[in-house]
Every structure is written in C-alpha cells, then in structure tokens.
Amino acid sequence: QRAELQLPKGSDAVEAFKLLNLRKASDVDWSELPCDFAELSAAFAVIPPLAGCQLSVWKVIMAVLYLGNLDFAGKGAVGDSTVADAKIADPSTTAVIARLLSIQPTELENAICIQNINAGGEWIKSPNSIAYASDVKSALTKALYSKLFDWVVEMINSSLISGEGGRYFIGAVDIFGFECFPTNSLEQLCINFANERMQHMFTEAVFESVIAEYQKEGIDVGDITYEDNKLLVELIDKPATGILSLLAEECFFPSGSDASWLQKIKSQHARHANFSEERLDRTAFTISHYPGKVTYQSTGFLEKNKDPLSQDLVVLMQFSDDDFVKTLFEEKQSTAMAGSVRRFKSAKFVGLIDGFRTSLNQLVKTLEGTKTHFIRCVKPNMDKKPDNFVFDVMQRQLYTSGVVQAVQATRKGFPDHLPFAELLSRFELVVPKSATNKKGADGVRALLSSAGVSDKEFRIGKTKVFLGVGVLDQLEQRRMEYIASKVLSMQMLVRAYNARRRLKLLRDEKARAAKAKAEAEAAARAAEEAARKEREAAEAAAAAQK
C-alpha cells in the first residue's frame, strides 16, 4: 500500500512534504494526535459509505501533499515573476500526482501552466506566469482537500439518516464571530455579512413572529417598533446593486479593477445610511454594521474573489480514470439549477463569493425550516482565564450581539402571552370569587381589573391575553403571597395539632406513671400487711405453747 500511495521510504515521510514540514519528525509528539492510523482506519470501517473508499481517500490526500512540493521553473523564478513562461521544475512530482489522481501528467502540467482563452470563438493558449501558476496549483490543492472534506462529512451525515429520510434532526450552528481588525478585506466582509444575515434571522424570529401573533389575535401593533438590519443586508447582497453583486460584475470585465469597483459602490450607495467613504484613504470604505463601524480596504478584493482554479483543471478531474476523483468534482446542481447550464460551459463569472453566498442561503433556508433556538455566548475576559468576569468586556459583547436591543424592543410591547383559561385558572386565587364567575375574555378582563391592572397594561386578543411589562410578575407575586399566607395557616394548624398530640402523649405518660406508682405502693402496703399478720400469728402461736 505504501507503493500505491507513493509514500517516501524511510522514517522521514513527514519531513518530505512541505505542507507538513512545520517541525522535524523526531520532534513531533505523536501522543498529541487524537488517534493513530490503525484507529483512524477502524473508524472509517465503522461507517458503511466510507468503509470501501479508504484507499481512494488516502490517495487524494497524498496528491494534496505532493502538490505542496510542486515547484516551477522559468525566467520568472530568478527575475520578473510576471514573465509568462512557467514550467514544472520536477516532472517526476507531476507524474506522482497524476498517478494518484489517475490523469495524464502532460494534461496536468498544461492545465496548471497554460490557460485557454476564448477570443472571438477561437481558443488561444496563453502561458501562465510562475506567480499565477503557483496560484492555480494552490487552488487545486485547496479544492481537492475541501471537496474531500465535504464528501467525508456528507457520507457521515448520510449514514446517520434514519428510515424516515431525515425528517427530524437536531442541528447546531456555530456562527462566525464578528470581525474588525486594523486592516479588513473580503474575508472579513463575508464573515460580517454572515453575522448580519443571522442577526436578521434573529430579529425576524424574535420580533416579527411576535407581531404576527399580535395581528393574528387582532391586537393593534401600530405603536410597537424595532430596529431591523434589512437595509444593511440589501446594501451588501442586493441583486445588481449590492456590494457583492457589483464585485462579481466587476470581476467579469477584463479591465475590471479594485479602483473601478470601489468607485461603482461609492456612486451606488453614496446616500445609504450604512455606507460611507473614507476621506483620508481613497482605497477604503466603511460599513456601519449592527455591532459598529468597520472600514474595509478595497485593494485585493477582485483578486481574492477570482477563483484561480481553472476550468481546464475541473474538466480534467471530471474525466479522471478514478471514479472517486470524478465523484469529488462532479457538478452538483440543486433543483433550482436543474435547467441551467454547467458551470464550465457558462459565460457568467462565478467567484468565491458566489459559493459563499450560495452556502449561506442554503444555511438560512435550512434554519428557516426548523424551530430555532438562539444561544448567545459571551467571553468573560480577554485573557482566557476562568472565574474572571470583566464587566466592560461582557457589556460590549451584549450590545454588539444585539441582545440588549432585543430585550429593549421586546419590553416595549406585551412580552407575556397567556391563553384565557391558563390565566383564569392560575390567578383566580388572588382576587375575590365574585371576579372569577365569568369565563373567556370577559372573565380575564374582570380578573385583571379586580387585581388592579390598568387597561393600558394589557390587551385582550381572540384566544390570549397580552400582558405588559411587569404585569405577570405582579400577578405571580400576589399569587405567591396568597399561597404563602395559606401555607402559614396550614403550618399553624399542623403545629397546633402536633403540640396537642405531644401534650396528650405527655399526659398519658404521666397518668401511666402515676398509676404504676399507685399500684406499686398498694402492692408494697399489701406485702407489708401480710408480713405483719404473719408475725402476729407467729407470736400468738409461741405464746400458746408457753
């Protein structure tokens, strides 16, 4: 198997690969790793979809490692890196990668070092510079590993689906933390946009669902307002005019640049409340996110969005002689995309942000189809120390995560909703019986009025009563006070009963003791009397003998 996987001979296999060459093999503490190879293979064997694909998985991983060793030669290697004459420095490395992926070495080298450009219906071969060829190689390396990782996760998930086809499931989504660094680029914009989408979903779940319930119950919601980040989400992702949409459009043009894209978004969103220009830095722009303002540096946006994984490489992998490699790179189209053309045949530019937006939209769609519960995690301090709660650190996170705003908004309306029957049955004890003779809405109104709740502090719906801030707490407090008073009465009765019982026991015990004493004294007197009579009889007998 070592020969089939093209593993280097000897014990220096770790040092042979640049992607692993962080430490010498002799310095690696293997006990830090979660398992050894035998345990990993055993884990694969337990999962049916993975059991028969272990060798294929190892071959792809080895191809990734050898791609990390792939170097280039040409004039660009010793001078101008933009010279378009990139060639593979060591063809034997290419041959090893090709064997592992079941493709032809020459086709692999051409796909990395040469790009095919369609000009006026004719295909023109253009050599890549060493810098660009290196980017293409890195893109293939990342794509192989990423697609392999996704496939493994997909197989594990498929093995967990029950006979009902996964109708019910419990999922946990760990959302990216909001990022704001001294220099922010496309990565931070994508992460912060994901946070904005999740915040929008949080807002809808907390507020819009409440308002929908108000409307369903016929409650007037005209005076209930809340802050929504819908405009900010549209600023970033609105079709045709959003920042990301304009970025994808700019990448489509051969002459597109970071500067022209920045000028477009400045012109498009000059009057947007959440967008502003940076007067001291003409290459930057600022977005007012819900946690605060973030300034982004536009330089490098287009280059980062352009996916350097050439379509020649994609097609090459799709026509590999290895069915497993084909599976990794096959086109996976959703139902909505079923009628569209395949990506490598389309004239429309598809960049990295398109994949990110698609993935994010699928996540939101999945979450919207489930019953969501939100957990806001707060970091207690910046030093990662236990039992150390820094107020300023936690307060800032509560504000930037929208928790404080959510609490403030919900407290503006009627946060507590109870069905009529529940309120009547639970709080009928705190008001006179005459106020609980009625049922339904009339009974609720009579109970609340009798409890001293003003009309402004509650709303009567069709099936529920909506209580204002603090009303439910007041009713609960009065209920607990009533129960406490009754408990005191019950305690008094129980204590009196126990005291009387103890008194009776003491009296009975005293009577038994007195009776026993009297009986003992009577017995003693009887014995003494019998003894006296015996003495007298004896004395009389003695006298008679004399």
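## Helices α8 and α9

In this predicted model, helix α8, which spans residues 230–237, packs against helix α9, residues 243–252, with the two axes 3 Å apart and at an angle of about 5°. An angle under 35 degrees counts as roughly parallel, and α8 is therefore roughly parallel to α9.

The residues that meet are L235, I236 and D237 on the α8 side and I243, L244 and S245 on the α9 side. Sorted by class, the contact of α8 with α9 has four nonpolar residues, one polar residue and one charged residue.

## Helices α5 and α12

A second helix pair is formed by α5 (residues 105–113) and α12, whose axes lie 8 Å apart and make an angle of about 155°. Because angles over 145 degrees count as roughly antiparallel, α5 and α12 are described as roughly antiparallel to each other.

From α5, the contact draws on E107, L108, A111 and I112, while α12 contributes D312, L313, L316 and M317. By class, the contact of α5 with α12 has six nonpolar and two charged residues, with no polar residue taking part.

## The loop residue D322

The loop between α12 (311–318) and α13 (323–329) contains D322. With a relative accessible area of 12%, D322 is buried, since the cut-off for that class is under 20%.

When residues up to four places away in sequence are not counted, D322 touches K59, L100, L101 and S102. The C-alpha atoms of D322 and R99 are separated by 9.9 Å, although these two residues are 223 residues apart along the chain.

## The helix residue H200

Helix α7, which covers residues 186–216, includes H200. The relative accessibility of H200 is 14%, so this residue also counts as buried.

Once its neighbours within four places in sequence are left aside, H200 is in contact with D228, N229, K230 and V233. Of these partners, K230 and V233 carry numbers within the range of helix α8, residues 230–237.

## The sheet of β8, β10 and β9

Three strands, in the order β8-β10-β9, make up an open sheet with antiparallel pairing. Its edge strands are β8 (416–419) and β9 (458–460), each of which pairs on one side only, and the twist from one strand to the next averages 20°.

Strand β9 and strand β10 (residues 464–467) run antiparallel and are joined by three bridges, with F458 standing opposite L467 in β10. Helix α18, made of residues 440–450, lies across β9 and β10 and runs at about 165° to β9.

## The chain as a whole

Taken over its full length, the chain has a secondary structure of 19 helices and ten strands. Of the 546 residues in the chain, 32% are buried, and D322 and H200 both belong to that class.

Among the contacts in the chain with a separation of 6 or more, 62% are accounted for by residues 24 or more positions apart. The accessible surface of the chain comes to about 34,200 Å², and carbon and sulfur atoms account for 56% of that area.

Terms used: Residues are numbered from 1 along each chain as its sequence is written. This is a predicted model: local features need pLDDT of at least 70, side-chain atom pairs count only at pLDDT 80 or more; totals for chains, interfaces and linings use all residues. Side-chain values use heavy atoms; hydrogens and water are left out. Helices (H or I, at least four residues) and strands (E, at least two) are DSSP runs, numbered from the N terminus. Buried means under 20% relative accessible area, exposed over 50%, partly exposed in between (1.4 Å probe, protein chains only). Contact means heavy atoms within 4.5 Å. Axes are lines fitted to C-alpha atoms, for helices over the stretch in contact, and angles run from 0 to 180 degrees between N-to-C directions. Angles under 35 degrees count as roughly parallel, over 145 as roughly antiparallel, 65 to 115 as roughly perpendicular and the rest as oblique. Ala, Val, Leu, Ile, Met, Phe, Trp, Tyr, Cys and Pro count as nonpolar, Asp, Glu, Lys and Arg as charged, and the others, Gly among them, as polar. Two strands pair if DSSP finds at least two bridges between them. Accessible areas come from the Shrake-Rupley method with a 1.4 Å probe; for residues, only the protein chains shown count as cover.
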